[in-house]
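Here's a quick briefing to read alongside the coordinates. Have the sequence open as well, since residue numbers come up a lot.

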Amino acid sequence: MSTLFTYLIIMSMTYQMPNLPYATNALEPVISQQTIELHYGKHLQTYVDNLNKMVPGTEFEGKSVEEIVATAPDGGIFNNAGQVLNHTLYFGQFTPNQIKSEPDGQLAEAIRRDFGSFENFQKEFNEASTSLFGSGWSWLSIDNRGKLHITKEANRSNPVRSGMTPLLGFDVWEHAYYLDYQNRRADHIKELWKIIDWDIVASRMQ
């Protein structure tokens, strides 16, 4: 399994909850403690529990979540594996003590190359996040040639389905923001930039 998914550990054929790398109230006021406790503690836990019930005895037994999401047909196993993978990446990319408001190094160079500037990238990512109809995710990913892409993924899907590596993901399911922002998805998206750990995002390029 690649280092991209070190937050998710498979032990004795059992999928485990990823460790939350900060206290449940640490991301306030961007994301409230109540939202973290429900989103991470309830929604993600349910996906993990469902996956552990569904996988044994199937062709996906013993496979990583990444492998399942990349190859499983639509259905219950794919739905739950997709949300385990998505949320593992999502919760792992935040920090309560942001040091960099934008990336540097190789990731910054790739963003400038493929989007013109960080500001242009941020604008395009915000547009993808706010314009996705219904529930889903917006992702910054890198393909096997090193090119960056912004994609909108409906419901539980992930760019690994297209052979890409996800770097940064915004959850636009209503349960991710409704307690804090109600129907103001755009406000939620704007605030998320304040808690991104760009070193974590950049490390996923490897």
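What follows goes from the overall fold to the sheet and then to a few backbone oddities.

Keep in mind that this is a predicted model, where local features need pLDDT of at least 70, side-chain atom pairs count only at pLDDT 80 or more, and totals for chains, interfaces and linings use all residues. Residues are numbered from 1 along each chain as its sequence is written, and side-chain values use heavy atoms, with hydrogens and water left out.

**Overall fold**

- The protein has eight helices and five strands, where helices (H or I, at least four residues) and strands (E, at least two) are DSSP runs numbered from the N terminus.
- Reading from the N terminus, the order is β-β-α-α-α-α-α-β-β-β-α-α-α.
- The radius of gyration is 16 Å, which agrees with the value near 17 Å for a compact globule of 206 residues; it is taken over C-alpha atoms, and the globule rule is 2.2 Å times the number of residues to the power 0.38.
- Along the principal axes, the C-alpha trace spans about 50 × 40 × 30 Å.
- Take contacts (heavy atoms within 4.5 Å) between residues at least 6 apart in sequence: 68% of them join residues at least 24 apart.

**Surface and charge**

- Of the 206 residues, 47% count as buried; that label means under 20% relative accessible area, with exposed being over 50% and partly exposed in between (1.4 Å probe, protein chains only).
- About 9,700 Å² is exposed, and carbon and sulfur atoms supply 47% of that area. Accessible areas come from the Shrake-Rupley method with a 1.4 Å probe, and for residues only the protein chains shown count as cover.
- There are 17 positive and 24 negative side chains, with the centres of the two sets 3 Å apart. Lys and Arg count as positive and Asp and Glu as negative, while His and the chain ends are not counted; each charge is placed at NZ of Lys, CZ of Arg, CG of Asp or CD of Glu.

**Strands 3, 4 and 5**

- Strand 3 (residues 136-142) runs antiparallel to strand 4 (residues 148-154), and seven bridges join them; strands pair if DSSP finds at least two bridges between them.
- Within that pairing, Ser138 sits opposite Lys152 of strand 4.
- Five residues separate the two strands of this hairpin, and Gly146 has a positive phi near 90° there.
- Strand 3 also pairs with strand 5, again antiparallel, over six bridges, and Ser141 has Pro166 of strand 5 as its bridge partner.
- Strand 5 (residues 165-171) is mostly covered, with six of its seven residues buried.

**Loops and backbone outliers**

- As background, most residues other than glycine have a negative phi, and most peptide bonds are trans.
- The Glu28 to Pro29 peptide bond is cis, with omega near 5°, and Pro29 belongs to the loop between strand 2 (14-15) and helix 1 (33-54).
- Asn155 isn't a glycine, yet its phi is positive, at about 55°. You'll find Asn155 in the loop between strand 4 and strand 5, and it counts as partly exposed because its relative accessibility is 35%.
- Gln182 is another residue other than glycine with a positive phi, near 50°. Gln182 is in the loop between helix 6 (178-181) and helix 7 (185-192), and its 35% relative accessibility makes it partly exposed.
- Ser117 lies in the loop between helix 4 (105-115) and helix 5 (118-131), and counts as buried because its relative accessibility is 18%.
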